[in-house]
Amino acid sequence: MIMNNLFNWLDGLDDNPVDLSSFTEAYSDFSDYYADYADEYDYDRWFEFLLSLSDRNIDERSRVLDLGCGTGGMMLKFLSEGAFVVGVDFSRKMLDSADDLIFLSGESERYILLQKDISEFFLSVKFDFVYSMGDTINYLLEESALTGLFCNVRKMMHSDSIFTFDIINKDHFAGNNNSEEIVSISAWRDTHLHFYRNLKNENDKFFLYTKVEIRNEDGTVLGVENHKQRVYTYKDIEMCACMCGFDCHRVPFLNDCESLEKIQIVLKVK
């Protein structure tokens, strides 16, 4: 049934190409390494956590939307349950990596990858489960973009669908202004990834600036990426969600009550 409706899904897309020129190509240099970096994630645990938030079983009848799908690691988990999955990301390099990963897995008939701005994305279908992971939502820097995303997602949901995502928790950082920390060093392919994070208060709005340096073993910098994310409070999220017809809830990230790094948000249709 889902495959028979594939072209109907595509008919729901806006034919006008999305102008992505305003975006910094985040992960452009990092994309070649991101799949290996993402292997550090416990995808099995994260997937089971996401499933625990849903009131629906995920099976071959399910339609799933991944907003900010990256290299497709979590998409693959939903595909393995038989779901049809749409993955959206604005990084072409990330989508190419996701396409390779999923094609090689043999799940190539049950997914679509789209290069779109998630704050403006809309498809004229209903999804059973919508998710975003890896603090993707924090890349939306203004409340207007956040509200645009929420209202569009609301239109793509059934009455018993859910939308869940994680956001950065400001309290994870030691100080509110100009606190800098190397939060991760990973090594493979004779390279290291260094993450420098700096939280700044700008006119009573908090932004997280992250510099990612890709270095070889002798310390030579092979590439640098700079990221900017808005650090929203739970009240910010709740206000925007309520404007779009959602009930908003927070749960411990990965069901770990001791975790402070992220906050998991669950939105349900009112």
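Here is a short conversation about the cysteines and the cores of this structure.

Tutor: This is a predicted model, where local features need pLDDT of at least 70, side-chain atom pairs count only at pLDDT 80 or more, and totals for chains, interfaces and linings use all residues. Residues are numbered from 1 along each chain as its sequence is written, and side-chain values use heavy atoms, with hydrogens and water left out.

Student: What makes C151 and C244 a disulfide?

Tutor: A disulfide is a pair of cysteine sulfur atoms within 2.5 Å. The sulfur atoms of C151 and C244 are 2.1 Å apart, so the pair meets that cut-off.

Student: Where in the chain are the two cysteines?

Tutor: C151 is in helix 6 (residues 143–155), and C244 is in the loop between helix 7 (234–243) and strand 10 (246–252). Helices (H or I, at least four residues) and strands (E, at least two) are DSSP runs, numbered from the N terminus.

Student: Why is C240 not bonded to C244?

Tutor: The closest cysteine sulfur to that of C240 is in C244, 7.4 Å away, which is too far for a bond.

Student: How do you know whether C151 and C244 are buried or exposed?

Tutor: Buried means under 20% relative accessible area, exposed over 50%, and partly exposed in between (1.4 Å probe, protein chains only). C244 has 9%, so C244 is buried, while C151 has 26% and therefore counts as partly exposed.

Student: What is F150 in contact with, beyond its neighbours within four places in sequence?

Tutor: Contact means heavy atoms within 4.5 Å. The partners of F150 include F163, C240 and C244.
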